[in-house]
Amino acid sequence: MAKQIDTVTVEVVRNLLMSIAEETYGIIVRSAYSTNMKERRDVCTAVIDPDGNSVAQVESLAALLGSMLSVVPNIYEKFGKENVQPGDMYIANDPYHGGGNHLPDIVIAAPAFVGDKLVGWIANIAHHSDIGGKVPGSTSGDADSLFQEGIRIPVIRIRQNGKLIPSVMDLLLDNTRVPQEREGDLTAQMSANLIGVQRIQEAYARYQDDLIECMKELVGYSERRVRAVVAELPDGEYSYTDYVDGCGDKYPDPLPIKVKISIKGNDLTIDFTGTAEQIKAPINVPYPCTKAAVFFSIKALMGDDIPANEGINRAIKIIAPKGCIVNPTEPSPIGAQIDCQQRIPDAIFGALAPIFPDTVVTAGNGACTTTILAGEGAIGTDSVFIFHEVIAGGGGASKGLDGLSGVQVNMTNTSNMPIEATEMEFTKILARKYELKEDTGGAGQFRGGLGIERELEMMQDDVAYTGLGDRHKFHPWGLDGGKEGAAGAFYRVTPDGTITKMGHKTTSFSLKKGDIIRVETPGAGGYGDPMKREPEKVLKDVIEKKVSVEVAKKDYGVVVVSNGVYYQVDEQATKALRG
């Protein structure tokens, strides 16, 4: 019979485990080489129990949840738990064979032993700017097979008996265009795990087997919390269909993400039957990523204080037919899967909006708007540069609150890439504009967040541009009478002023010196009738250049006038418009 642990001890241990995950996260951010990790913080870390259950995870990037939830079970399946030894460290990136996301996301996990006793694991995952493949950056909009997207790493050892296995590192570095950067980033990940192992050992020295019992209790607690919320909801079926824009010229038609959510007692089933079939294009969502998207959605709706661990998964049954776009078969390409994965929470939120009216937000920018620029130009001993950036957009509005502007939403949560860091590290790129784009937030009693307009100028010839995004066709939806947010767009502006609209899955387009890439990210939907928005708030939006005078009048029925210096509401004209 398991020992009964008091709740105070469990809570103390929960915070201790979170501090270990957070410390290792900080180590990677502070010691990594690439801007992807040290600036954008495209990193996640977790503490995992001896049975392979995630028990404490940094709430940094929901998209990386899949690897944290599956990496140790995959190690056990391949090597056998009995064959894991002190000083081992394992590496993977292939979601079909032990990884959990797309190939640039590399997960590294290390067991923590006290003597011969396995007491836990520390794991981290981080996005690498290049791991080979057909294009610089290892992410394209037109790959038709996983083999085009970079080196595949099944679960293998990278350290054994406390020492690096040089042949494994050599293999990885020989399959990237920027080996110095890769070596620095991989070293940062491994170093963070060494500290994480030490911290878990210290925790065990203090709590002994109570540490492991607390881990088990935390997983059980999260499951109970989710089931308790579900039990209070009305039984029934709730459905919604949202759409991905398609994928380039090969798949120009919309692809449905269909979800049916069944609630019966404390049982919750998420069924994706009817969702689009997998395609020969890189937006297929591997099943671990689908699980991560469901995990995020349920936690966001049912309690932000529920510990993020395997217990949430245990409370949910997922049905995703094999061969559909959210459960593809090998070797379907997955490089840009995040744009499709983003639509899963949107569909779940849309389905559950009727029973979570005070919690659900409108659709945000719902994309992972990515700019990759690559060309000749040394950084350290690497002979080329590869610039990778994900640009934020509008955040959804809710009942009572405007949406946030210029933020990542749903599965993405990376940080802003400062202009200063961009120009300091990538001297062949000049930032021309970085601002919130007026009128991109959907009108509503509570306005949707604004998207961003960002312009980057090339300072040399022959720079390869890859632009990946979504919600360029299907605008972010509003709720309860709120209007749609603006769609996104990519443009090329040449030195003579010619503006050409680019596709939402542009791959390795060659740019010349003086060319400018203009990225406009989607806004977010509004919540509630725009005519009920207080005129003073509309006036403030106009003053802050979030809403134009024209849209204030057309969508909100608020007439704003100016004497050339100050703006004010024409109350009589506004009253006449609003009736």
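# A guided tour of two sheets, their helices and some unusual backbone sites

Begin by selecting strand β10 (residues 267-271) together with β11, which run parallel and are joined by four bridges. The model on the screen is a predicted one. Within this pair, pick D271 and look across to β11, where its bridge partner is I319.

Now widen the selection to the sheet around this pair, an open sheet of four strands in the order β8-β9-β10-β11, with mixed pairing. At its edges are β8 (236-244) and β11 (316-319), each of which pairs on one side only. From one strand to the next the twist averages 15°. Add helix α10 (residues 343-352), which packs on this sheet and touches β8, β9 (255-264) and β10, its direction making about 140° with that of β8.

From β11, follow the chain into the loop between β11 and α9 (337-341), where P331 is found. Select E330 along with P331, since the backbone deserves a look here: the peptide bond from E330 to P331 is cis, with omega near 5°. Most residues other than glycine have a negative phi, and most peptide bonds are trans.

**The seven-stranded sheet**

Next, move to the other sheet, an open one in which seven strands follow the order β2-β1-β5-β4-β3-β6-β7 with antiparallel pairing. Here the edge strands are β2 and β7 (163-164), each pairing on one side only.

Select strand β3 (residues 89-92) and strand β6 (residues 156-160), which run antiparallel and are joined by three bridges. Two pairs of residues help in reading the register: I91 stands opposite I156 in β6, while Y90 stands opposite R157 in β6.

Continuing outward, β6 and β7 pair in the antiparallel sense over two bridges, and R159 can be picked out opposite L164 in β7. These two strands, β6 and β7, form a hairpin with two residues between them, and in the turn N161 has a positive phi of about 55°.

Two helices can now be added to the view of this sheet. Helix α1 lies across β1, β2 and β5 (117-127), and runs at about 145° to β1. Helix α6 (residues 209-231) also packs on the sheet, touching β1, β2 and β5, with its direction making about 55° with that of β5.

**Helix α5 and its partners**

Two packed helices are described by the angle between their axes and the distance between the axes. Select helix α1 (residues 7-31) and helix α5 (residues 179-207), whose axes come within 8 Å and cross at roughly 160°; α1 and α5 are therefore roughly antiparallel to each other. In this arrangement α1 passes α5 in a right-handed crossing. To display the contact, show side chains including V12, L16, I20 and I27 of α1 and A192, I195, R199 and Y207 of α5. By class, the contact of α1 with α5 has twelve nonpolar, five polar and two charged residues.

Keep α5 selected and replace α1 with helix α4 (residues 166-173), whose axis comes within 9 Å of that of α5, the two crossing at roughly 135°. The helices α4 and α5 are therefore oblique to each other, and α4 passes α5 in a right-handed crossing. The residues in contact are M169, L172 and L173 of α4, and P179, R182, E183, L186 and M190 of α5. Sorted by class, the contact of α4 with α5 has six nonpolar, no polar and two charged residues.

**Loops to finish on**

Go next to N53, which lies in the loop between β1 (43-48) and β2 (54-57). Is this loop residue, N53, buried or exposed? N53 is buried, with a relative accessible area of 14%. Leaving aside residues up to four places away in sequence, N53 touches V47, I48, V219, E310 and R314. For a distance across the model, select the C-alpha atoms of N53 and D470, which are 417 residues apart along the chain and separated by 33 Å.

Then select R41, in the loop between α2 (35-38) and β1, where phi is near 60°, a positive value in a residue other than glycine. R41 is partly exposed, with a relative accessible area of 37%.

The last stop is D462, placed in the loop between β15 (452-458) and β16 (463-468); although D462 is not a glycine, its phi is positive, at about 60°.

How values were computed:
Residues numbered from 1 in each chain as written. Predicted model: local features only at pLDDT ≥ 70, side-chain atom pairs only at ≥ 80, totals over all residues. Heavy atoms only, no water. Axes fitted to C-alpha atoms, helices over the stretch in contact; angles between N-to-C directions. Parallel < 35°, antiparallel > 145°, perpendicular 65-115°, else oblique. Left-handed = near helix turned anticlockwise from the far one by under 90°. Contact = heavy atoms within 4.5 Å. Nonpolar A, V, L, I, M, F, W, Y, C, P; charged D, E, K, R; others polar. Buried < 20%, exposed > 50% of the residue type's maximum accessible area, 1.4 Å probe, protein only. Pairing = 2+ DSSP bridges.
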